[in-house]
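Here's a quick walk through the inside of this protein model. Have a look at the structure first, then read on.

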Amino acid sequence: MTAATAHGVDHIVIAGMAVEAPGGIDSPGSFWSALAASKELLGPFPRDRGWPIDELLSLSRLDDWGTVCDAGGFIDNAAEFDPAFFWISPREAIATDPQQRVALRVAWRALENTGLNPGALAGEDAGCFIGCSPTEYGPPGAEVNEYNGVRVIGYGLLSVAGRVSHGLGLTGPSMTVDAACASSLTAVHLAAAAVRDGDCEWALAGAVCVMGAPGVFYEFAKHNALSNDGHCRSYSDDATGTLWGEGAGIVIVERESRARRLGHRIHGRLLASHHNHNGKGKPILVPRTDAQERLIRKTIAKSGIDPADVGMIEGHGTATRAGDPVELRALQNTYGAAGSAPLLGSVKSNAGHAQAAAGMLGLIKLLLAGRHGQIPATLFADNPTTRVDWDRSSLRLATELQPWEPKNGMRYGAVSSFGAAGSNAHAILEMPVREENDDV
């Protein structure tokens with residue numbers, strides 16, 4: 001018996017969402033408009049964060065270092081925050097990692113999108129699961145400065161979920177999840193399990209990434225794994241490496257019976273999710289086709305649907321020469337061999353690699369595509385990578401905005417994300433045909 005075939009199953013559903021992405025995106029509506037128009041949302045390095053821009057752009061002069069372009073996917077207003085609105089003093093707000101601040105405001109919008117009053121939730125049996133990875137922010141903790149005493153909670157990874165739960169007064173499980181670039185979907189998986197198991201009545205689930213420091217540009221320049229032209233060319237033969245970005249997305253997870261009872265919109269049913277690890281053998285940064293294929297097959301089996309019904313796949317698509325072919329082969333061996341013609345894309349081609357939040361941007365893209373009945377193009381799909389044999393399966397890249405026909409009133413989609421430390425996550429969703437008066 002599976003989630004899709006069990007009679008009378010009370011599905012876990014997504015009943016609300018909010019998103020922030022590069023290019024001034026601050027709502028699902030503006031996000032969808034950009035995706036439908038095939039917009040690239042990248043820009044130059046922010047000049048208000050104290051980054052050593054000149055050194056970054058000259059790293060290629062060092063032996064065995066790659067090019068760093070003056071480009072990335074950056075949230076426009078990452079530094080903007082109203083501390084009084086969120087019950088935080090100005091001193092503590094400055095000492096608080098911007099990832100916490102962005103998570104607070106995106107959580108608030110997700111609740112409003114659901115139809116909940118964020119200011120009236122104190123005591124609710126609600127969980128909070130937020131994916132986030134540490135970035136440097138502020139002065140070192142081991143020195144005397146004006147922010148001593150508030151830094152222990154201000155560190156980004158330590159308290160992102162706790163900050164949201166505390167600010168809203170939620171009493172269910174609360175945890176920050178770090179599975180590197182698989183953090184988003186892992187957080188959603190854990191939230192769904194908590195609701196399903198009765199650990200909480202409903203939950204916020206999502207992820208956030210704001211770079212307080214440019215450390216990942218240094219690390220991947222040393223690996224020669226960054227884009228050398230300032231674009232993230234997912235699955236393209238012209239791809240030279242990834243391009244780092246930022247973003248945040250949070251969804252509201254609850255049982256369908258609760259959503260129906262409270263009049264919440266059903267953006268999608270989470271038919272199945274799963275996560276695993278590569279194990280040992282190859283270097284920790286190297287992805288594995290066998291691990292990703294096992295993950296996808298287990299998720300399909302758990303969902304109970306025919307994989308041929310999946311019309312859209314939102315992939316990871318890092319635009320790295322090691323990552324894309326590995327992922328493509330796993331998808332070819334599963335969905336591509338199911339007898340249909342699923343279309344594949346990656347939001348990274350629009351907004352860069354949002355790291356811990358990458359899967360969340362992809363999940364929200366999938367949900368919006370399902371609601372609008374259209375599959376957006378993935379940028380740079382006109383020249384697919386030649387590192388895989390495309391003729392051996394029916395998997396194809398989404399080259400233009402096109403209609404997404406439902407099957408029996410439903411659209412089925414899948415989303416993947418894979419982490420640098422070897423974690424992998426995958427989810428399959430069922431999205432009902434858009435109902436009247438349910439704009440997002």
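The largest nonpolar core counts 52 residues, and Phe31, Val251, Leu363, Ile364 and Leu429 have the most contacts inside it. A nonpolar core here is a set of buried Ala, Val, Leu, Ile, Met, Phe, Trp, Tyr and Cys residues joined through side-chain atoms within 4.5 Å; buried means under 20% relative accessible area with a 1.4 Å probe, protein chains only. Among the elements that each supply at least two residues are E1, helix H1 (28-36), strand E5 (247-255) and helix H13 (358-372). H13 gives the largest share, eight residues. Helices (H or I, at least four residues) and strands (E, at least two) are DSSP runs, numbered from the N terminus.

This is a predicted model: local features need pLDDT of at least 70, side-chain atom pairs count only at pLDDT 80 or more, and totals for chains, interfaces and linings use all residues. Residues are numbered from 1 along each chain as its sequence is written, and side-chain values use heavy atoms, with hydrogens and water left out.

Now for two buried residues:

| Residue | Place | Relative accessibility |
|---|---|---|
| Glutamate 20 | strand E1 (residues 12-20) | 1% |
| Proline 118 | loop between helix H4 (98-114) and strand E2 (126-131) | 5% |

Glutamate 20's side chain makes a polar contact (N or O atoms within 3.5 Å, one able to donate a hydrogen and the other to accept it; residues adjacent in sequence count only if both atoms are side-chain atoms) with the side chain of arginine 105, at 2.7 Å. Proline 118, neighbours within four places in sequence aside, is in contact (heavy atoms within 4.5 Å) with Trp108, Leu111, Glu112 and Leu168.

How values were computed:
Buried means under 20% relative accessible area, exposed over 50%, partly exposed in between (1.4 Å probe, protein chains only).
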